[in-house]
Every structure is written in structure tokens, then in C-alpha cells.
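This report goes through one protein chain, with its packing, charged pairs and pockets taken in turn. The sequence and the model are shown below.

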Amino acid sequence: MSITTPQGPITPAHPRAALDADSVRDAYRRWAGVYDTVFGGVSAFGRRRAVAAVNRLPGTAVLEVGVGTGLALPRYDRTKRVTGIDLSREMLEKARERTAAEHLTHVDALLEMDAEAMDFADASFDIAVAMFTASVVPDAKRLFAEMRRVVRPGGRLLFVNHFAAENGPRWWIERAMAPLSRTLGWHPDFALHDLLDPKSPSVETIQSVPPAGLFTLVQVLNDGLDASAPALAA
Ligand SMILES: C[S@@+](CC[C@H](N)C(=O)[O-])C[C@H]1O[C@@H](n2cnc3c(N)ncnc32)[C@H](O)[C@@H]1O
């Protein structure tokens with residue numbers, strides 16, 4: 001799709017690999033001090049919905065991928081045991097301060113680790129949840145594969161994120177913003193199919209989350225099928 005301007009047609013650039021681990025670290029070093037003020041409010045509903053879904057699921061061992069400043073940590077049931085990982089030392093420092101200040105004894109560990117290559121053994125967790133992180137990691141399919149690996153068979157993977165529109169004016173704006181990925185610290189043009197196939201039988205729920213359906217909560221059963229691969233035609 002292109003848009004016609006007085007200067008002629010423009011087709012938005014679309015550099016998918018704009019973020020690498022160092023640019024994520026740089027971006028979140030800058031965001032860490034203001035993250036809660038700038039993003040805490042608008043994303044609160046999505047975070048609350050995702051953690052409520054985690055709390056309803058069986059199993060206690062929870063991995064939060066891209067835990068950031070730990071905004072979600074106080075919301076987990078105290079019966080869950082939570083491990084958080086993040087690439088950004090500065091974001092993790094905020095999460096550690098929160099854990100100490102609020103006596104979050106259900107938080108087992110906050111570790112500096114790459115979600116695309118985790119140090120955990122296979123099937124270490126019952127649940128893995130990524131809140132507003134899938135559109136930030138350099139390679140969402142690798143994130144998905146790693147989350148599948150570290151969650152036990154029958155466990156769940158959850159994602160809450162903003163996913164780019166598939167068409168229309170919002171699609172165009174989000175594609176046009178893609179070159180800003182490194183500055184923003186996320187991919188504005190990140191779409192649901194960049195993460196998984198929404199038609200996969202492993203996908204249990206896809207729910208729109210306020211405000212104004214800006215965010216989507218996706219729950220996937222770790223059933224041995226690869227929901228990130230396009231479904232084979234029947
Ligand atoms: C938009 S913030 C979301 C933070 C938190 N989940 C929340 O709900 O506020 C994205 C986080 O993902 C982290 N991140 C990005 N890529 C990562 C990776 N490959 N491994 C671990 N963390 C990563 C960033 O450092 C950042 O803290």
C-alpha cells in the first residue's frame with residue numbers, strides 16, 4: 001500500500017530488524033527513569049488483565065519475560081512464585097527497588113537475561129507471560145520458541161501487546177513509524193502474525209483490552225504444536 005502526496009506516492013519503509021539487543025538496552029536505559037509515568041497508566045488495564053489470567057491458571061511457577069520496572073509484580077497471587085527477566089539493567093534495578101519496598105516475597109528472582117536465549121532448563125515453568133515485550137524483542141519468533149521451551153507441556157504462554165493494524169490508515173501510520181524503532185525502543189509496525197498464527201489450534205483466547213481495544217491479550221496452550229508457524233492448508 002502507498003499513499004499519494006503532492007511529491008508523489010510514498011510507500012512506508014519497513015525495517016523489521018531495526019532493534020538489536022544493544023539498541024534495546026540503550027532505549028530502556030533512557031526510559032527507565034520515566035517509564036512508569038509515561039507508560040504505566042495507558043498500559044495498566046492490559047497488565048491487570050494479563051496477570052488476572054495468570055492467577056486463574058493452574059501451576060505456581062511463573063516466568064515474566066521483559067519484566068521491566070516490575071509494574072505487574074504486586075498483582076500476582078501470593079501462591080505464585082515469580083521469576084522476572086529483562087535485558088535492561090536499569091529497568092531491573094527499578095523492579096528490584098519495587099520488590100524490596102513492597103515486600104513482594106512471591107518474587108523469587110529478577111535476572112538480567114536475554115529472552116531469546118534463556119539460561120533456564122526446558123519445562124522449568126508452568127506459565128510464561130510477556131507484557132508489552134513481544135514488540136520490543138529483536139526477534140519475536142525466537143522469543144516465542146524460547147517461551148515454549150521453558151514452559152512445561154500443558155502450560156500456558158500469555159502475551160499482552162499492541163498489535164499493528166492489518167490495513168487502513170492506522171496500518172499506514174504504524175508502517176511509516178517503523179524507522180523510529182531504535183529511538184522508541186519498540187516496533188510500531190509489529191503485527192500479531194509476527195508472533196504467531198492466530199488460527200493455530202494452540203491459541204486458546206485472543207481478547208481485545210481497553211483502552212479502545214488498543215491492546216490484545218493472547219493465551220496459548222503449550223501443546224507441542226508450534227503456534228508461531230503458519231497453519232498448513234487442509
Ligand atoms: C515496553 S517494556 C515492558 C515492561 C513490562 N513488561 C511492563 O509491562 O511494563 C519492554 C521490556 O522488554 C525488555 N526486553 C526487550 N527485549 C528483551 C529481551 N530480548 N530479553 C529480555 N528483555 C527484553 C526491555 O528491556 C523492556 O524492559
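Which residues does methionine 147 touch, not counting residues up to four places away in sequence? In this predicted model, methionine 147 touches Val65, Met118, Ala128, Val129, Ala130, Leu157, Leu158 and Phe159.

## Overall make-up

The chain contains seven helices and nine strands. It has 234 residues, and 50% of them are buried. Taking contacts between residues at least 6 apart in sequence, 71% join residues at least 24 apart.

## Nonpolar cores

The largest nonpolar core has 30 residues. Within this core, the residues that touch the most other members are Leu63, Met118, Met147, Phe159, Leu195 and Val220. Two or more core residues come from each of β3 (61-65), β6 (125-131), α5 (140-150), β7 (151-161) and β9 (215-221). The element that gives the most is α5, with five residues.

There is also a second, separate core, made of 25 residues. Ala53, Ala72, Leu73 and Tyr76 are among them.

## Salt bridges between distant parts of the chain

In the whole structure, 13 salt bridges are found. One of them joins arginine 149 and aspartate 122, with an N to O distance of 2.8 Å. Arginine 149 belongs to helix α5, whereas aspartate 122 sits in the loop between β5 (107-112) and β6, so this salt bridge ties together parts 27 residues apart in sequence. Arginine 149 is partly exposed because its relative accessibility is 25%. Aspartate 122 has a relative accessible area of 55% and is therefore exposed.

Another salt bridge is formed by aspartate 126 and arginine 152, whose closest N and O atoms are 2.7 Å apart. This pair also links distant parts of the chain, with aspartate 126 in strand β6 and arginine 152 in strand β7, 26 residues apart. Why does aspartate 126 count as buried? Its relative accessibility is 14%, and buried means under 20%. Arginine 152, at a relative accessible area of 26%, is partly exposed.

## A salt bridge within helix α1

Aspartate 26 and arginine 29 form a salt bridge in which the closest N and O atoms are 2.9 Å apart. Both residues lie in helix α1 (residues 21-31), with a spacing of three residues, or about one turn of the helix. Both side chains belong to partly exposed residues: aspartate 26 has a relative accessibility of 37%, and arginine 29 has one of 45%.

This pair is part of a network of salt bridges that links Asp26, Arg29 and Glu90.

## The largest pocket

How much space lies in the largest pocket? The volume is about 740 Å³. Its lining consists of 40 residues, and those nearest the centre of the pocket are Tyr28, Tyr35, Phe132, Ser135 and Val136.

Elements that each supply at least two lining residues include α1, α2 (35-39), β3 and α6 (168-176). Helix α1 thus appears both here and as the site of the salt bridge between aspartate 26 and arginine 29. Strand β3 likewise gives residues to the lining of the pocket and to the largest nonpolar core. By residue class, the lining divides into 24 nonpolar, eleven polar and five charged residues.

Note on methods. Residues numbered from 1 in each chain as written. Predicted model: local features only at pLDDT ≥ 70, side-chain atom pairs only at ≥ 80, totals over all residues. Heavy atoms only, no water. Core = buried A, V, L, I, M, F, W, Y, C linked by side-chain atoms within 4.5 Å. Buried < 20%, exposed > 50% of the residue type's maximum accessible area, 1.4 Å probe, protein only. Helix = DSSP H or I, 4+ residues; strand = E, 2+ residues; numbered from the N terminus. Contact = heavy atoms within 4.5 Å. Salt bridge = Lys/Arg side-chain N within 4 Å of Asp/Glu carboxyl O. 1 Å grid on protein atoms, 1.4 Å probe; cavity = no way out; pocket = protein on both sides within 12 Å on 5 of 7 lines; lining within 4 Å. Points joined across faces, edges and corners; volume = space filled by probe spheres on them. Nonpolar A, V, L, I, M, F, W, Y, C, P; charged D, E, K, R; others polar.
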